[in-house]
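Grab the viewer and work through a few packing exercises. Try each one before you read its solution.

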Amino acid sequence: MVRFRLWWCSLLITFTVLFQELRFCSGWNVQTPTPPLPILPLPTYSQIKWQQREIIMFLHFGVNTFTDREWGTGQENPAIFNPTSLNTTQWATVAADAEISLMILTAKHHDGFCLWPSKYTDHSVIRSPWEGGKGDVVEDFVNAATAKGIDVGIYLSPWDRHDPRYGNDLLYNQYYLAQLQELLKKYQNVREIWFDGAKGAQAKNMSYYFSDWFSMVKELQSSINIFSDAGPDVRWVGEETGSAGYTCWSTINRTSLSIGNSTITPYLSSGDPKGTDWLPAECDVSIRPGWFWHESESPKKLSELLDIYYNSVGRNCVLLLNVPPNKSGLITDVDAQRLKEFRTAINTIFRRNLAEDCFVKVSSQRGGFGAEKMVDSDHLWSYWTPKDDDGEKDHWIEIWARDGNFLRFNVISIQEAIGLGQRIKRHEIYADGKLMVKATTVGYKRLHRLDEGEVQARVVRIKIRESKAVPLISSIGLYFDPFWHSKITVT
């Protein structure tokens with residue numbers, strides 16, 4: 001009996017070992033592969049949501065609208081602010097028609113006139129004949145945008161050419177902080193707040209207590225993204241033509257930045273691959289030559305707006321496009337129409353991704369992070385990545401046309417999974433072996449509109465020449481832009 005028990009136990013052990021080996025060999029016991037380690041710094045949740053907006057809208061509106069100026073003097077009589085047909089619902093409708101998800105209003109510009117009834121100054125709508133001095137443009141704006149499902153932002157100019165406290169560091173900073181509190185307590189769910197360093201050469205010397213301002217903003221509404229030359233959440237791109245640097249990192253060193261410092265604009269434009277802060281760039285530009293509405297001006301051509309799109313959103317930035325209301329308080333029909341045409345053109349270009357119908361090959365892949373991840377609908381957390389030790393000097397992706405057909409395209413799109421950091425330093429793109437693109441950063445989105453115009457090829461190869469760590473590619477795309485005409489003359 002004892003022998004039998006020993007034999008039976010031995011048999012059970014043998015079967016158990018064999019079963020475990022069978023599970024291992026058949027993949028039953030294989031753990032789900034883990035993602036690669038992130039590359040610091042990383043974006044916050046609010047920064048990612050901001051980046052995914054791609055295009056947001058600015059509205060410059062105030063006394064300058066009625067004086068035909070860009071910078072007011074601060075001596076304007078509030079009575080000149082008298083829009084006869086002000087309709088913020090029309091503003092929100094224009095934005096919604098263009099699929100804009102965030103609108104930012106100039107609550108106060110450099111002239112110091114406030115579009116809300118501030119308790120701390122009477123240089124505001126209180127002294128305007130509009131609505132008998134009882135109106136509140138900011139409140140109407142917030143309510144109209146919210147009703148359309150659009151988020152809101154506020155611009156509160158640090159430079160104030162009207163208030164006599166300007167020039168006295170203590171008194172003016174107290175005034176400014178009081179207005180910040182007033183705005184952010186009264187108007188909830190603000191998603192972006194805009195600070196800049198703009199001021200005239202003859203302006204009084206002032207030290208702005210930016211650190212105090214930023215702390216107050218985060219205390220009152222912690223989910224806000226704060227924009228300025230130095231962040232802390234979104235940085236200025238360094239110029240106002242709507243174009244980012246050809247190289248554009250979302251990372252930068254905030255210690256090297258200061259608000260209103262014109263010498264740092266190249267650094268703002270390019271960012272820094274060794275930057276310790278995640279501070280993506282915003283490209284601001286107006287749909288018209290000026291920021292405020294002027295009767296003598298017209299909106300930019302569609303081709304100009306598309307150039308801006310490729311040079312901003314297509315270079316890892318968010319585009320902040322200004323669309324100013326006119327004297328009546330409405331967005332002019334021609335501007336609204338041009339904005340809608342712009343959105344329609346973008347949707348037309350990117351409606352069909354040819355790569356989705358192709359066979360995609362890669363240099364190698366980490367288990368569970370295959371080529372199919374680059375052509376699905378998740379462009380953030382679903383991605384291809386090669387093996388850590390695949391032995392390849394260059395990682396590559398190949399897009400093959402099926403059935404021997406040709407791919408017809410003129411735009412190539414690449415996106416990184418920025419939730420785990422920005423990585424790619426250099427990349428190249430080939431069409432049937434011919435070098436088409438030699439570029440640097442990718443980031444959230446890189447769009448290459450080909451100077452050669454339309455290309456027909458069977459195989460498109462993307463080579464990652466240099467990266468801070470293994471690349472994580474969340475999306476690749478081949479598109480045809482019918483609005484693009486090559487600037488190269490073939491003879």
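**Exercise 1.** Which residues of helix 4 meet helix 5, and of what class are the residues in the contact?

Solution. Keep in mind that you're looking at a predicted model. On the helix 4 side, pick out T88, T89, W91 and A92; across from them, helix 5 offers V137, D140, F141, A144 and A145. Sort these by class and you get six nonpolar, two polar and one charged residues.

**Exercise 2.** Work out how helix 4 and helix 5 are oriented to each other, and the handedness of their crossing.

Solution. Start with the axes: those of helix 4 (residues 88-97) and helix 5 (residues 137-147) come within 8 Å and cross at roughly 40°. Angles under 35 degrees would count as roughly parallel, and 65 to 115 as roughly perpendicular. The two helices are therefore oblique to each other. As for handedness, their crossing is right-handed.

**Exercise 3.** Trace the strand order of the barrel, then look at how strand 1 pairs with strand 2.

Solution. Follow the eight strands around as 1-2-3-4-5-6-9-10: the barrel is closed, and the pairing is parallel. On average, neighbouring strands are turned by 25° against each other, ignoring direction. Now zoom in on strand 1 (residues 55-59) and strand 2 (residues 102-108), which run parallel and are joined by three bridges. One bridge to find is M57 with its partner M103 in strand 2.

**Exercise 4.** Which strands do helix 4 and helix 10 pack on, and at what angles?

Solution. Take helix 4 to begin with: it packs on the sheet by touching strand 1 and strand 2, and its direction makes about 145° with that of strand 2. Next, helix 10 (residues 333-349) lies across strand 1 and strand 10 (318-322), running at about 175° to strand 1.

How values were computed:
Residues numbered from 1 in each chain as written. Predicted model: local features only at pLDDT ≥ 70, side-chain atom pairs only at ≥ 80, totals over all residues. Heavy atoms only, no water. Axes fitted to C-alpha atoms, helices over the stretch in contact; angles between N-to-C directions. Helix = DSSP H or I, 4+ residues; strand = E, 2+ residues; numbered from the N terminus. Parallel < 35°, antiparallel > 145°, perpendicular 65-115°, else oblique. Left-handed = near helix turned anticlockwise from the far one by under 90°. Contact = heavy atoms within 4.5 Å. Nonpolar A, V, L, I, M, F, W, Y, C, P; charged D, E, K, R; others polar. Pairing = 2+ DSSP bridges.
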